Amino acid sequence: MRGSLGAVIGKYPSSDGNAQTGGLIKHNRKCRDLVFLVIFIAFWVAMIVNSSFGFNQGNPLRLTYGLDYKGNVCGDKHADRDLRELELRYWLNPNQVYESAVKNSKFKLSNARSICLMECPIPSEDSLDWVCDYPEGDIRLSLDDWIDRNYNYYADLTPELRNTSLQLQGPCYPVIFPSVNVYWSCQLIARASNMSLRHWQQMGGVSIVENIIMDKSIHRSINSRSSVLKRYVADVGKAWPVLIVCGGIVPLFLSVIWLLLIRHFVTGMPWITVFLFNVLIISVTMFYYSKAGWIGNSAISPIIGEHDPYYHVSARELNHIQAAAVLMTVVMIVTILSSIAIVRRILMATSVAAKVIGEVQALIIFPVMPYSILAIFYMFWLSAALYLFSSGQVRQNDCTANCCAYELKSKRLSCDSCCGYRIHYTSHIAAAILFHLLGCYWATQFFIGFSSTVIAGSVASYYWARGESSPEIPFLPVFSSMKRLMRYGIGSVALGSLIVSFVESIRFILEAARRRLKVSNSIRDSWFGRVAFHSSRCCLRCTEWIIKSVNRNAYIMIAITGEGFFRASEIATELIMSNILRIGKVNVIGDVILFLGKLCVSLSSALFAFLMLDTHKYKSAHNKISSPLFPVLVSWVLGYVVATLFFAVVEMSIDTIILSFCQDSEEHHGTAQYAPPLLMETLNDQNEMQRLTQ
């Protein structure tokens, strides 16, 4: 059984050795959970090493642009030649594109000869245009002159090189098919220009296949899952100003305003919060509808720049944002109905914390410190993530393609090195990315736990001073609480955040397994499938319960008692279980309104992100994002994290006051001795208690 905590938080010894009342938080503490503090420090060292690997091996341009026939990344100024203006990948040989699309063909599109251009070529209406290899060898042209000549130096070729060009072996290739810029790759349109094809045939060129499957080959490459994922990650990098404004500045501003309003206008804040939440979630859902093409003319398009309005290209990004719109519709309906149902029962929980915020003014300012540290961490983490996702080695494919191409540099027709290039990813890169993702979640939970524990220590100081200005209470209780935590309990916060991160990771794994079993009807219908399906769901609920039970309440008892994480969790759990009827409704309803407040801030971040991404800057060729889905989602998550840091002031105030009240009542036979008058009126009033527990 847990012993009395009177010696810890209820009493302190006087100079003559007698016990005096006055309720101070224990100061003669010990360092706790040092092993996990060492593990956390080692984790940071590993994060730096892991990120250094990404910075050394990665190139974020690979996420957006393709590779040319020399293995250079289009748009890369550090390539063999300066390609910063040449961002579009164009496949030179149409017959190779066709061959890669033929069913059961061993020739892959990645082996087809490609080059980096500024714009996708369009056939001439009265002559035959050419796109030639980069000038080198006997071709005495600079790259700028080559661009100015529209990539065409066919007229300067010798008869021998003209002949190889007519055989589709280079160094120049005819522009027979029109093409359009689809996500920085020139999608060939399988409608040959009659004039260009006639000129080609008159010059004695080899037969060029015209077939609609040419479209499919390039489209499959552009629309592959890996390509879509790379573009999503690249979108986050391109939209970094949006993340700073909508994921950092906007939620900071709104969170501070919400805290000030809850302090001075506590009676009306629940109603305002519910109203704003409903307006915001409807607005965000309408933006999803707009980008999905169901409202207005703002649907996302994979085609960049001007193009034939009758030409349409499908993309996974549009399907994904349509699925997100459907999901948001369901969430909107459920949450609006739920918020209306509980709006009358949420006033009491917020009034409990308003008095504390007014007395401990530094509580409103304190979250700015962990917010600043977390902002710096996120900027570093996102930069490293872009490089990790784009890390790998550019290697030439090992192929058996039967093709030949004239090499200007070696002045010969080469038939043994026409294989293309690709970025080779290894298993350790995937492990590095997973470690990076886990590290982000652990660091986020650590800073949230750190901030929550400091707030809990400050509020507990207020409670055990009877809610008055006591000479024993430090002038700045927030900084006194932070000093105690930094000196004695930071290892416990590291342990708690690690457990939450580990359990949350297991939850995601179980959720993925459950969905896979749900989709697979053949497995689901079997006895083993049904058992595995329901077992995974049960485990999922258990892990969610563990996360909720070990998170906030353990941090509160760490701040009050100075115990380690596991012991603090045990004390908090016993207190809650023995007073569940007394505090249950206050906790539940308080959590609901605070959760709605966090959603209001994060939804505002998402709404502002939609508005910023809808400007011309993010619709132009260079900065165009493939879809607003990921930048909006990241802004939403960042807004929620920032709101969590600031709303922890109210959240932890409510929970700390309630736990302290329960402990106070338990030690004094049901009558709290140290509770402030406002709290006594709130929780000891019989009519109010009946209302809360009904």
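The second largest pocket in this predicted model has a volume of about 940 Å³. Its lining is made up of 37 residues, and α8 (225-238) supplies the largest share of them. A search of the whole structure also finds five cavities of 30 Å³ or more. On the surface there is a nonpolar patch of about 710 Å² and a negative patch that includes E85.

**Second largest pocket**

- Among the 37 lining residues, S221, S224, S226, S227 and K230 lie nearest the centre of the pocket.
- At least two lining residues come from each of β3, α7 (213-222), α8 (225-238), α14 (368-389), β12 (421-424) and α15.
- The contribution of α8 to this lining amounts to five residues, the largest share.

**Cavities**

- Of the five cavities of 30 Å³ or more found in the whole structure, the largest has a volume of about 90 Å³.
- The lining of the largest cavity consists of 15 residues, and those nearest its centre are R29, R484, L485, I558 and A559.
- Two or more residues of that lining are given by each of the helices α15 (427-463), α16 (477-519) and α19 (552-561).
- Helix α16 gives the most to the lining of the largest cavity, namely five residues.
- Helix α15 thus appears twice, with at least two residues in the lining of the second largest pocket and two or more in that of the largest cavity.

**Nonpolar surface patch**

- The residues that make the nonpolar patch are F253, I257, L261, F265, I272, F275, L276 and V279.
- Helices α9 (240-264) and α10 (269-292) each supply at least two residues of this patch.
- α10 gives the most, with four residues.
- F253, one of the patch residues, is found in helix α9.

**Negative surface patch**

- Four acidic residues, E85, D144, D145 and D148, form a negative patch on the surface.
- E85 is located in the loop that runs between α2 (34-57) and β3 (88-91).
- The strand at the end of that loop, β3, is also among the elements that supply at least two residues of the lining of the second largest pocket.

Methods
Residues are numbered from 1 along each chain as its sequence is written. This is a predicted model: local features need pLDDT of at least 70, side-chain atom pairs count only at pLDDT 80 or more; totals for chains, interfaces and linings use all residues. Side-chain values use heavy atoms; hydrogens and water are left out. Patches are made of residues with over 30% relative accessible area and no salt bridge: like charges are joined within 9 Å, nonpolar side chains (Val, Leu, Ile, Met, Phe, Trp, Tyr) within 5 Å. Accessible areas come from the Shrake-Rupley method with a 1.4 Å probe; for residues, only the protein chains shown count as cover. A salt bridge is a side-chain nitrogen of Lys or Arg within 4 Å of a carboxyl oxygen of Asp or Glu. Lys and Arg count as positive and Asp and Glu as negative; His and the chain ends are not counted. The place of a charge is taken as NZ of Lys, CZ of Arg, CG of Asp or CD of Glu. On a 1 Å grid over the protein atoms alone, a cavity is a set of points where a 1.4 Å probe fits but cannot get out, and a pocket is an open set with protein on both sides within 12 Å along at least five of seven lines; lining residues have an atom within 4 Å of a point. Grid points are joined across faces, edges and corners, and a volume is the space filled by probe spheres set on the points.
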